[in-house]
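Got your viewer open? Let's take a walk through this model together, one selection at a time.

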Amino acid sequence: MVGMNKVLKISILSMIGAAAFIACGRSDSSTLPQEEMQVVEEVSQDSLLMGFNPDSYRCSEGKVKTGQFFSPLLVSLGMNGQEAFRLINACDSVFDVRTLRVGQSYRAYYSAEDELEYLVYDRDRKSCIVFDCSEPYEAWVYEKPIEYNEKYADVTISSSLWNDMIAADVSPLLILTLSDIYAWTVDFFGLQKGDRFRVLYQEKVCDGEVIAVDTVKYAVFTHNGDDFPAIMYDQGDGGNIWWNEKGESMRKAFLKAPLKYSRISSGFSYARKHPVTRKVQPHTGVDYAAPKGTPVMTIGDGVVTSVKYEGAGGNTVRIRHNSVYSTAYLHLSKYAKGLKVGQRVRQGDVIGYVGSTGRSTGPHLDFRVWKNGTPINPLKMDSPPAEPIKQDHMAAFESAMVGYQHQINTIQANIVASTLLNLL
């Protein structure tokens, strides 16, 4: 196994050290002081994970610079050209030097004689590549340990979901997961002061950093006094895993909005004064202000019926979703690569990018919806739920929901009790 010789050496040294300690008057490992037992265990565990013991070497940290290649990097760290060449050739099955990325971190480990022994290159946030810089040269992938932390968040909107999540010490990554779960139920661009999210979720933590929040077990969004719960339950069919309290899919026929980050700059109206012509004329769509280049998604499955420049509307994409609904996306800076008339698209596919083409005062998306040929307000469009939970899973689903509700109620009761104690 790659790096195993190094691991065996370290493990043997650890055992020799432990044996020597016992020989000096300790006949039973249970009589070892707790602190000393932990040191031996930690060194052994770290060695098995990394392939060497980092604490035994002097460490120098850095980041890959613009225009820097792997061979010159190795030379700058202390290897000569021939050594660098041999290491690269020996490790090419583990690491392709062309994948070296500017800005990625690395750590060089030196012996007491100032010889480069190991190089650890951070491939991504969850793994790194360890290079043994002495002969026989070898390299292996080290998967960093990931912790899974159960968390609870209770956030009431006072300014914006983003700011209020940060103020409540909640990872912003939770927003992305919530926006995916509630994409068919909640207009995240129209959240109001007083709206509230209560969420049971799981964080993935690596090196002390939250790298993902992709497991929301139970959430409740409260708006105008109404609760909209989302319950995680996996039927094992590879499909939807989030449902409302009735067992209906949180996924609906259409997304609530065609892009992820924006603000509404102009609403649906039959008597709007146009910002360019200054004339009062109908605006049968919703304008989402967003930076140029923001991806625009189709809100539902359908067929592309038009991809062309339409005068005042600029670059426009039109999609027919079924015999009832059709949509249009105006003022695009450009279309998605390869998009063409007659092409079938799936919900969430990128069909273009925000721009300011046509008659426009700045980058935004003019989004329009027709029902049976008549323009309707996209913000008030109802969408029927997709396939509900299977009947033979209903009892297990309801049991899971009750369990999550009990968990939230217990957490909230403990918070109230703790608050009262602090006031006494």
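Which element gives the largest share of the lining of the largest pocket? That is H6, with five residues. Before selecting anything, bear in mind that this is a predicted model.

**Stop 1: the whole chain**

Start with everything shown as a cartoon. The protein's secondary structure comes to seven helices and 22 strands. Of its 424 residues, 41% count as buried. If you draw a contact map, look at pairs at least 6 apart in sequence: 61% of those contacts join residues at least 24 apart. Switch on a surface, and about 23100 Å² is exposed, with carbon and sulfur atoms supplying 52% of that area.

**Stop 2: the largest pocket**

Next, select Ser179, Asp180, Phe188, Phe189 and Lys260. Of the 32 residues lining the largest pocket, these are the closest to its centre. The space in this pocket is about 740 Å³. Two elements give two or more residues each to the lining: helix H5 (161-167) and helix H6 (173-181). Colour the lining by residue class and you will find 19 nonpolar, eight polar and five charged residues.

**Stop 3: helix H6**

Stay with H6 and pick out Leu174, Ile175, Thr177, Leu178 and Ile181, the buried residues of this helix. They lie on the same side of H6 because they cover an arc of only 165 degrees around the axis. A reminder helps when you look down a helix: an α-helix has 3.6 residues a turn, so residues three or four places apart point the same way. Now show what surrounds the buried residues of H6. They pack against H5 and against several strands: E6 (146-156), E7 (196-206), E8 (209-223), E9 (226-232) and E10 (242-243).

**Stop 4: helix H4**

Move to residues 81-90, which make up helix H4. Where do its buried residues Ala84, Leu87 and Ile88 sit around the axis? They are on the same side of H4, since their arc is only 100 degrees. Among the elements covering them are helix H3 (70-76) and strand E4 (127-132). Turn to the face directed away from the buried side, and you meet the exposed residues Gln82 and Phe85.

**Stop 5: a cis peptide bond**

Select Glu135 and Pro136 as sticks. The peptide bond joining them is cis, with omega about -5 degrees. Pro136 is in the loop between E4 and strand E5 (138-143).

**Stop 6: two positive phi values**

Go to His331, within strand E18 (residues 325-335). His331 is not a glycine, yet its phi is positive, about 65 degrees. Is this residue buried or exposed? His331 counts as buried because its relative accessibility is 4%, and the cut-off for buried is under 20%.

Then jump to Asn372, another residue other than glycine with a positive phi, near 55 degrees. Asn372 belongs to the loop between E21 and strand E22 (374-376). With a relative accessible area of 56%, Asn372 is exposed.

**Stop 7: Gly362**

Finish at Gly362, in the loop between strand E20 (350-354) and strand E21 (364-371). Add Ala289 to the selection: it is 73 residues from Gly362 along the chain, while their C-alpha atoms are separated by 8.2 Å. Then show the contacts of Gly362, leaving aside neighbours within four places in sequence: they are with Gly355 and Ser356.

Terms used
Residues are numbered from 1 along each chain as its sequence is written. This is a predicted model: local features need pLDDT of at least 70, side-chain atom pairs count only at pLDDT 80 or more; totals for chains, interfaces and linings use all residues. Side-chain values use heavy atoms; hydrogens and water are left out. On a 1 Å grid over the protein atoms alone, a cavity is a set of points where a 1.4 Å probe fits but cannot get out, and a pocket is an open set with protein on both sides within 12 Å along at least five of seven lines; lining residues have an atom within 4 Å of a point. Grid points are joined across faces, edges and corners, and a volume is the space filled by probe spheres set on the points. Helices (H or I, at least four residues) and strands (E, at least two) are DSSP runs, numbered from the N terminus. Ala, Val, Leu, Ile, Met, Phe, Trp, Tyr, Cys and Pro count as nonpolar, Asp, Glu, Lys and Arg as charged, and the others, Gly among them, as polar. Buried means under 20% relative accessible area, exposed over 50%, partly exposed in between (1.4 Å probe, protein chains only). The arc is that of the directions from the helix axis to the C-beta atoms. Contact means heavy atoms within 4.5 Å. Accessible areas come from the Shrake-Rupley method with a 1.4 Å probe; for residues, only the protein chains shown count as cover.
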